[in-house]
Amino acid sequence: MPRHRIQLINPNTSQAMTDTMAITARRIAGDRLDIDAVCPHQGVPSIEGHFDEAVATLGILQQIRAGEARGVQGHIIACFGDPGLLAARELAKGPVIGIAEAAMHVATLVATRFSIVTTLPRTVIIARHLLHRYGFYEQCAAIHAIDLPVLSLEDGSGTAQQKVRDYCLKAKQEDNVGAIILGCGGMADLAAELSETLEIPVIDGVSAAVTLLESLLNLGITTSKWGDLDFPRNKGISGPFAECLA
Ligand code: 5HY
């Protein structure tokens, strides 16, 4: 198989979280894929709600554009809300995978039901909306919030990581599920350890997205441009979005 080049887009502006996710993505990819790990220079330091997602979407579309100009063949939106996913699929030539969608697909390949462990309670509804949109609502038994902000995963204290472990154990013991999904890109580095210690598949969306994107590229399949995901019509858009179509 040809060696593909993909990019992992962290939609928030945290370089530390981008680096954490890049390590996991490159470990999964091995020497089969080249991975550019990028994040917007402007925007929100973390995404914890609808407003943050809206602000982050411009940065995602700019990175899609810049990546394809560099020869990137596929894209990962590495935020568990899959912000701007459909808009990115319209704009990009190459396939675009969201880490939430990827994790849900992989979880349902190995278990009939799963739980999600995420960050702040206010993000739970975003995950619920995605479960509905992707058709996995029935398979999700519960969504647990560790009630700490996203960037607490990068503060070096280990507190957030321990709460993730505690809630994954609680989900295994109480939810009657066969798999657990980590509901934040910043948790990507915990999946392998948790799967081993809890003896249950614990799935991070970054790893799931890398493998699904690689499969699409190896199959030579990309986003259909027949219908709603065709390239945006260039009708004289003004302002910062104009450069996305230039
Ligand atoms: C994420 N926010 O994966 C989501 C997590 C969340 O900045 N990266 C973020 O809680 O929605």
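The exercises below, each with a worked solution, concern a predicted model.

**Exercise 1. Find the order of the strands in the sheet that contains β1, and state which strands stand at its edges.**

Begin with the order, which reads β2-β1-β3-β4 in an open sheet of four strands whose pairing is parallel. Next, look at the two ends of that order: β2 (33-38) and β4 (96-98) each have a single partner strand, so one side of each is left without a neighbour in the sheet. Between neighbouring strands of this sheet there is an average turn of 20°, direction ignored. Finally, take one pair in detail: strand β1 (residues 4-9) and strand β3 (residues 74-77) are joined in the parallel sense over four bridges, and Ile9 stands opposite Ile77 in β3.

**Exercise 2. Determine which strands are touched by helix α1 and which strands helix α2 lies across.**

Helix α1 (residues 15-29) packs on the sheet and touches β1 and β2, while its direction makes about 170° with that of β2. Helix α2 (residues 50-69), for its part, lies across β1, β2, β3 and β4, and it runs at about 160° to β1.

**Exercise 3. Decide whether His4 is buried or exposed, and list its contacts beyond its neighbours within four places in sequence.**

First place the residue, for His4 lies in strand β1. Then compare its relative accessible area, which is 7%, with the cut-off for a buried residue, which is under 20%; His4 is therefore buried. When the neighbours within four places in sequence are left aside, His4 is in contact with Arg32, Leu33, Asp34, Gln73, Leu217 and Asn218.

**Exercise 4. Work out the order of the sheet that contains β5, and describe how β5 pairs within it.**

The second open sheet has four strands in the order β6-β5-β7-β8, again with parallel pairing. Its edge strands are β6 and β8 (202-204), each of which pairs on one side only, and the twist from one strand to the next averages 25°. With β6, strand β5 pairs in the parallel sense over five bridges, and here Val117 stands opposite His144. The chain passes from β5 through helix α5 (residues 124-134) to β6, in a β-α-β crossover that is right-handed. With β7, strand β5 pairs in the parallel sense over four bridges; Phe114 stands opposite Ala179, and Ile116 has Ile181 as its bridge partner. Two helices complete the description: α5 packs on the sheet and touches β5 and β6, with its direction at about 160° to that of β6, whereas α7 lies across β7 and β8 and runs at about 175° to β8.

**Exercise 5. Explain why β5 is described as largely enclosed.**

Count the buried residues first: five of the five residues of β5 are buried, so the strand is largely enclosed by the rest of the structure. Then separate the two faces, where Phe114, Ile116 and Thr118 are buried on one side and Ser115 and Val117 are buried on the other, which leaves both faces covered.

**Exercise 6. Compare the expected span of helix α6 with the distance between its end C-alpha atoms, and find where its buried residues lie.**

Helix α6 (residues 159-174) has 16 residues, and at 1.5 Å a residue it should span 22 Å; since its end C-alpha atoms are 22 Å apart, the two values agree. The buried residues of α6 are Ala160, Gln161, Val164, Cys168 and Ala171. They cover an arc of only 100° around the axis, and this puts them on the same side of α6. On the other side of the helix, Gln173 and Glu174 are exposed. The buried residues pack against β5 (114-118), β6 (140-145), β7 (179-182) and α7 (191-198). Just after α6, Asn176 takes a positive phi of about 55°.

**Exercise 7. Describe the surroundings of Ile180, and state how far its C-alpha atom is from that of Pro232.**

Ile180 lies in strand β7, and with a relative accessibility of 0% it counts as buried. Leaving aside neighbours within four places in sequence, its contacts include Ser115 and Val117, together with Cys168, Ala171 and Lys172. Ile200, Pro201, Val202 and Ile203 are also in contact with Ile180. As for the distance, the C-alpha atoms of Ile180 and Pro232 are separated by 36 Å, and the two residues are 52 residues apart along the chain.

Terms used:
Residues are numbered from 1 along each chain as its sequence is written. This is a predicted model: local features need pLDDT of at least 70, side-chain atom pairs count only at pLDDT 80 or more; totals for chains, interfaces and linings use all residues. Side-chain values use heavy atoms; hydrogens and water are left out. Two strands pair if DSSP finds at least two bridges between them. Axes are lines fitted to C-alpha atoms, for helices over the stretch in contact, and angles run from 0 to 180 degrees between N-to-C directions. Contact means heavy atoms within 4.5 Å. The expected span of a helix is 1.5 Å times one less than its number of residues. Buried means under 20% relative accessible area, exposed over 50%, partly exposed in between (1.4 Å probe, protein chains only). The arc is that of the directions from the helix axis to the C-beta atoms. A crossover is right-handed if, with the strands pointing away from the viewer, the path from the first strand over the helix to the second runs clockwise.
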